[in-house]
Amino acid sequence: MWIKLTLLLVAAIACGGSAEQARFDNYRVYEVSIETDRQLQMLQHLELNPDGYNFWESPVQTNMHLSIVVPPHKFAHFEELTAALALKTRLQIEDFQKVIDSERPMRSTRATFGWTDYYTVEEIYAWMDQIVAQNPTILSGSVYGTSHEGRPLKTIKLSHKAGNPGIFIEANIHAREWISSATATWLLNELVTSSNAAVQNLAQNYDWYFIMVANPDGLAYTKTTNRQWRKTRKPVNDLCVGADPNRNFDYMWMNGGASSVPCSDTFAGLAPFSEPETKAMADYYATIADRINIQFSFHSYGQYLLTPFGFSGAPLPSNNADLQRIAAVTASAIQATYGTVYTYGNSASVLYTTSGSTVDYFVGVHGTRLGYTFEFRDTGATGFVLPANQIIPNAQETLNGIIAFVAEARTLGYV
């Protein structure tokens, strides 16, 4: 099993206390392989005593690939660490700030909402309100809760007629994964406006439920303060802020791949549903679960299509053969678009162990038959900071994948 994991070496901003936009000038990004128990134990010890290191994912097993962002003042220390542990490393990015600066090439020329740039929570919400107002016969918007900082939690439903099978999509539950909400908004726009027969079929014969920004406080924080922030923004103690919302759902909570360390990026929370954002999503899903045939969770990065379950020692679902067959067809359609290669399979096997995730919760608690996680582009060249000029290509190949997905699910009798 190979895992993608990233450590971010940040000092004062590690727990989210700074009010200025963090910069990463001359920070290098290294890919590191964890092959031995000693290497794993040392990294786990480092997570407990970070001294400026910030883990994007918790080190949970050997046979991992991880990426480490190393600040200039840690270059010598990093070299000593890799030598002492005999870690295999590869330089991925020479200057991480340059990658961040190149993320939004069209930001100075944009006039209206579109898909050549990334947008704030307020701008996304304004677009959601606008598209609902423009299409009142097929779109309806609602607020299903309130975030810790008081932002509304919004959802949109697309429905042409009663009785359609349901497809549920949630995006941007991890704050820094901007491509997830950008892809979700593009997808809804296509379902509403496209003249393509296959897309019109999806729009007219399925009900679509979208949560574009599942973690609005975190997304806002990535815009103002720290581009690499992942969690929610509810304080845990005087030093640590937020929980990983995709480890906070009440199904096999803290059963592998989650941290009990409050400052960790994979901190599962003090209890299941400790975060208002996750409790609100779960409550909302309970009201529509009997209508949902397919559930997608949009994430980045790595180019994976993942099936449940992710927790330690999890059994494969009874319909796992169908899950993998659908995933294979989907990955093939994605690759046929622009050549983007997706790895597919059980999440704990092809990526890493997780517990308390949305997909595991929806499948394990509500019995949703088809639950999948998309990990979008890329495979590490830019990581979570995918340039905005890849939004549309990423979204187009995702749509083609979903068209193939639904067709295969229909063949197998799921919709």
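Helices (H or I, at least four residues) and strands (E, at least two) are DSSP runs, numbered from the N terminus. The model is predicted: local features need pLDDT of at least 70, side-chain atom pairs count only at pLDDT 80 or more, and totals for chains, interfaces and linings use all residues. Residues are numbered from 1 along each chain as its sequence is written, and side-chain values use heavy atoms, with hydrogens and water left out.

**Exercise 1. Cis peptide bonds**

Find the loop that holds Asp378, then inspect the bond between Arg377 and Asp378.

Solution.
- Step 1: Asp378 sits in the loop between strand E13 (370–376) and helix H12 (391–411).
- Step 2: Arg377 and Asp378 are joined by a cis peptide bond, with omega about -5 degrees.
- Step 3: Now take Pro308 and Phe309. Their peptide bond is also cis, with omega about 0 degrees. Phe309 belongs to the loop between strand E11 (304–307) and helix H9 (320–338).

**Exercise 2. The two sides of H2**

Which residues of helix H2 (residues 75–85) are buried, and what do they pack against?

Solution.
- Step 1: Set the cut-offs. Buried means under 20% relative accessible area, exposed over 50%, partly exposed in between (1.4 Å probe, protein chains only).
- Step 2: List the buried residues of H2: Phe75, Phe78, Leu81, Thr82 and Leu85.
- Step 3: Check their spread. They cover an arc of only 125 degrees around the axis, so they lie on the same side of H2. The arc is that of the directions from the helix axis to the C-beta atoms.
- Step 4: Turn to the face away from the buried side. Glu79, Glu80, Ala83 and Ala84 are exposed there.
- Step 5: Find the partners. The buried residues pack against strand E2 (28–34), helix H1 (37–48), strand E4 (64–70) and strand E5 (88–93).
- Step 6: Look past the helix end. Ala86 follows H2 and has a positive phi, near 55 degrees.

**Exercise 3. H4 against H5**

At what angle do H4 and helix H5 (residues 178–193) pack, and which residues make the contact?

Solution.
- Step 1: The angle is about 10 degrees, and the axes of H4 and H5 are 12 Å apart. Axes are lines fitted to C-alpha atoms, for helices over the stretch in contact, and angles run from 0 to 180 degrees between N-to-C directions.
- Step 2: H4 and H5 are therefore roughly parallel. Angles under 35 degrees count as roughly parallel, over 145 as roughly antiparallel, 65 to 115 as roughly perpendicular and the rest as oblique.
- Step 3: Name the residues. H4 supplies Ile124, Trp127 and Ile131, while H5 supplies Ser181, Thr185, Leu188, Asn189 and Val192. Contact means heavy atoms within 4.5 Å.

**Exercise 4. Two helix residues**

Are Tyr125 and Thr358 buried or exposed, and which residues do they touch?

Solution.
- Step 1: Tyr125 is in helix H4 (residues 121–134). Its relative accessible area is 8%, so Tyr125 is buried.
- Step 2: Leave aside neighbours within four places in sequence. Tyr125 then contacts Pro152, Leu153, Lys154, Val213 and Pro216.
- Step 3: Thr358 is in helix H11 (residues 358–366). With a relative accessible area of 1%, Thr358 is buried.
- Step 4: With neighbours within four places again set aside, the contacts of Thr358 are Glu170, Ile173, Asn246, Phe249, Met281, Gln295 and Ser297.
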